[in-house]
Amino acid sequence: MRKNPTFLSSLMENKEIAQMLWQLQIRFDPEKCKGVYQCYMVCPVGCWTPDRPRRKVIFHNPEKCIACGACVLQCPEDAIELR
Ligand code: SF4
Ligand code: SF4
């Protein structure tokens, strides 16, 4: 069976994107966090837990993070980076 070149190039492109995402890690600065919990609300895999008495969040389960970037985009305090 002949392989479709468009399919193959798309597969290679997706593989490169997946490899790049795999290397990204969350960098969280608790000093900047004001406890609005947007990150907690948008994370699709439950990486954030509210620490309500301290008005902060706790980043845990980093191995679950799929580097979707939702928390980075939603944080109004720029407390989260993916790099
Ligand atoms: S969205 Fe930003 S400021 Fe709000 S709880 Fe998460 S890290 Fe803290
Ligand atoms: S990048 Fe996505 S999966 Fe990772 S902690 Fe942020 S919202 Fe959750």
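In this predicted model, Lys56 is in contact with a varied group of residues from elsewhere in the sequence: setting aside neighbours within four places, these are Pro30, Glu31, Cys33, Gly35, Tyr37, Thr49, Pro50 and Asp51. Lys56 itself belongs to strand E3, which covers residues 56-59. The lysine is buried but takes part in no salt bridge. Its nearest side chain of opposite charge belongs to Glu31, at a distance of 5.9 Å. Because a salt bridge requires the nitrogen and the carboxyl oxygen to lie within 4 Å, the pairing of Lys56 with Glu31 at 5.9 Å is not counted as one. What the side chain of Lys56 does reach is the backbone oxygen of Pro30, at 2.8 Å. Pro30 and Glu31 thus both appear among the contacts of this lysine.

Asp51, one of the residues in contact with Lys56, is found in strand E2, residues 48-51. Beyond four places in sequence, Asp51 touches Tyr37, Lys56, Val57 and Ile58. Lys56, Val57 and Ile58 can be looked up in the structure alongside strand E3, which runs over residues 56-59. Tyr37 is a contact of Asp51 and also of Lys56.

Where, then, does the side chain of Asp51 find its salt-bridge partner? The partner is Arg54, with N and O 2.9 Å apart. The two side chains are likewise joined by a polar contact of 2.9 Å. The two ends of this bridge sit in contrasting surroundings. Asp51 has a relative accessibility of 13% and therefore counts as buried, whereas Arg54, at 54%, counts as exposed.

How many salt bridges does the whole structure hold? A full search finds two. Besides the bridge between Asp51 and Arg54, there is one between Arg83 and Glu81, whose closest N and O atoms are 3.5 Å apart. A polar contact of 3.5 Å joins the side chains of Glu81 and Arg83 as well. Glu81 lies in strand E4, residues 80-82, and its relative accessible area of 41% makes the residue partly exposed. Away from its sequence neighbours up to four places off, Glu81 touches Gln25, Ile26, Arg27 and Val72. Arg52, by contrast, is not close at hand: Glu81 and Arg52 are separated by 29 residues in sequence and by 22 Å in space, C-alpha to C-alpha.

The contact between Glu81 and Ile26 leads to strand E1, residues 26-28, where Ile26 lies. Is Ile26 buried or exposed? With a relative accessibility of 14%, Ile26 counts as buried. Its contacts beyond four places in sequence are Trp48, Phe59, Cys65, Cys71, Ile80, Glu81 and Leu82. Of these, Leu82 is 56 residues from Ile26 in sequence, yet the two C-alpha atoms are 4.7 Å apart in space. Ile80, Glu81 and Leu82, all touched by Ile26, can be found in strand E4, residues 80-82.

The surroundings of the two ligands come next. Around ligand 1 there are 14 residues, and those that come nearest are Cys33, Val36, Tyr37, Cys39 and Cys75. Cys33 and Tyr37 have already been met as contacts of Lys56. The shell of ligand 1 is made up of ten nonpolar, two polar and two charged residues. Ligand 2 likewise has 14 residues around it, with Cys43, Cys65, Cys68, Gly69 and Cys71 coming nearest. Its shell consists of 13 nonpolar residues and one polar residue, with no charged ones. Two of the nearest residues of ligand 2, Cys65 and Cys71, are also touched by Ile26.

Two loop residues deserve a look for their backbone geometry. Most residues other than glycine have a negative phi. Ala67 has a positive value, near 55°, and is found in the loop between E3 and helix H3, residues 70-74. Asp78 also has a positive phi, near 50°, and its place is in the loop between H3 and E4. Which of these residues is buried, and which is exposed? Ala67, at 8% relative accessibility, counts as buried, while Asp78 is exposed, with a relative accessible area of 55%.

Methods
Residues are numbered from 1 along each chain as its sequence is written. Chains are lettered from A and ligands numbered from 1 in the order in which they are written. This is a predicted model: local features need pLDDT of at least 70, side-chain atom pairs count only at pLDDT 80 or more; totals for chains, interfaces and linings use all residues. Side-chain values use heavy atoms; hydrogens and water are left out. Buried means under 20% relative accessible area, exposed over 50%, partly exposed in between (1.4 Å probe, protein chains only). A residue is near a molecule or strand if one of its heavy atoms lies within 4 Å of it. Ala, Val, Leu, Ile, Met, Phe, Trp, Tyr, Cys and Pro count as nonpolar, Asp, Glu, Lys and Arg as charged, and the others, Gly among them, as polar. Helices (H or I, at least four residues) and strands (E, at least two) are DSSP runs, numbered from the N terminus. Lys and Arg count as positive and Asp and Glu as negative; His and the chain ends are not counted. A polar contact is a pair of N or O atoms within 3.5 Å; within protein, one must be able to donate a hydrogen and the other to accept it, and residues adjacent in sequence count only if both atoms are side-chain atoms. Contact means heavy atoms within 4.5 Å.
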